[in-house]
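Welcome! Here is a short tour for anyone meeting this protein for the first time. Take a look at the sequence and the model, then read on.

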Amino acid sequence: QIRPVDRGPAKMDDGLWALIVRINKGVNSAVKPMNDFDLYGKDEVWAYPKGAGDCEDYVLEKRRELSDNGISLSNLLMTVVRKPDGEGHAVLTVKSDKGEFILDNQNEDVVAWTDTGYRFVKRQSQNDPNTWVSLGDSRPAVATASSR
C-alpha cells in the first residue's frame with residue numbers, strides 16, 4: 001500500500017511549471033478520448049491509457065508521469081468535480097506553494113482550481129491515496145443537471 005509522506009506543497013518554479021504544462025499537453029494529445037464501455041465493455045474501469053481512455057485514465061497517466069519526475073504523490077491528488085452541466089468528471093490537482101493547479105483532459109492550459117468553472121466534490125487524501133476526502137465546495141454550480 002502506497003502511503004506518501006506529506007512534506008508540504010511542491011515548490012513552484014519555472015521548471016515545475018514547465019513540467020506540469022508539458023505533461024498535461026502531452027498526455028492530452030497522446031490519448032484519444034473514449035469511454036470505458038467502448039474500451040472495455042463495462043463502465044468505470046480505471047486504467048492507464050493505452051492510446052485511448054476516459055478522464056480518470058488521463059489523470060492516472062499524468063499522475064504517474066509527474067511522480068516519475070520527482071513530484072511527491074502527496075501533491076498529486078486525483079479529484080472528482082462536477083462540470084457546469086452537472087456531469088461528474090475527474091481531474092488532477094497539483095498542490096504547490098503558489099496554489100493548487102488543475103490538469104484536465106478537457107483543457108490544454110493548466111489553471112488554478114478557482115478558474116476551472118467546476119464544483120469540487122472530493123479528492124484523494126494527501127496522506128493516504130486510498131482515502132477520499134469531501135471538499136465541501138459550497139459554490140453553486142453554474143448550471144444544474146436535469147434528471148433523466
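The protein is built from 3 helices and 8 strands. Please keep in mind that this is a predicted model. Starting at the N terminus, the elements follow the order α-β-α-β-α-β-β-β-β-β-β.

**The chain as a whole**
- The protein has 148 residues, and 43% of them are buried.
- Take the contacts between residues at least 6 apart in sequence: 51% of these join residues at least 24 apart.
- About 8300 Å² of the protein is exposed, and carbon and sulfur atoms supply 49% of that area.

**The nonpolar cores**
- The largest nonpolar core holds 24 residues, and Ile20 and Leu66 are the ones that touch the most other members.
- At least two residues of this core come from each of helix 1, helix 3, strand 3 (76-82), strand 4 (88-96) and strand 5 (99-104).
- Helix 1 gives the most to this core, namely 6 residues.
- Leucine 66 is a good place to start exploring: beyond its neighbours within four places in sequence, leucine 66 is in contact with Leu19, Ile20, Ile23, Ile71, Leu76, Leu92, Val94 and Leu103.
- There is also a second, separate core of 5 residues, with Val91, Ile102, Tyr118 and Phe120 among them.

**Asparagine 24, a polar residue to look up**
- Asparagine 24 sits in helix 1, which spans residues 14-30.
- Its relative accessible area is 0%, so asparagine 24 counts as buried, the cut-off being under 20%.
- What does the side chain of asparagine 24 reach at 3.1 Å? The partner is the backbone oxygen of asparagine 107.
- A polar atom of the asparagine 24 side chain also lies 3.2 Å from the backbone oxygen of glutamate 108.
- Not counting residues up to four places away in sequence, asparagine 24 touches Lys62, Leu103, Asp104, Asn107, Glu108, Asp109 and Val110.

**Glutamate 56, a charged residue to look up**
- Glutamate 56 belongs to helix 3, made up of residues 55-68.
- Is glutamate 56 buried or exposed? Glutamate 56 is buried, yet it has no salt bridge.
- The nearest side chain of opposite charge is that of lysine 122, 10 Å away, whereas a salt bridge calls for a distance within 4 Å.
- Setting aside neighbours within four places in sequence, the residues in contact with glutamate 56 are Asp36, Glu44, Trp46, Met78 and Ala90.

Terms used
Residues numbered from 1 in each chain as written. Predicted model: local features only at pLDDT ≥ 70, side-chain atom pairs only at ≥ 80, totals over all residues. Heavy atoms only, no water. Helix = DSSP H or I, 4+ residues; strand = E, 2+ residues; numbered from the N terminus. Buried < 20%, exposed > 50% of the residue type's maximum accessible area, 1.4 Å probe, protein only. Polar contact = N/O pair within 3.5 Å; in protein donor to acceptor, adjacent residues only side chain to side chain. Contact = heavy atoms within 4.5 Å. Lys, Arg positive; Asp, Glu negative; His and termini not counted. Core = buried A, V, L, I, M, F, W, Y, C linked by side-chain atoms within 4.5 Å. Areas by Shrake-Rupley, 256 points an atom, 1.4 Å probe, with all protein chains shown as cover.
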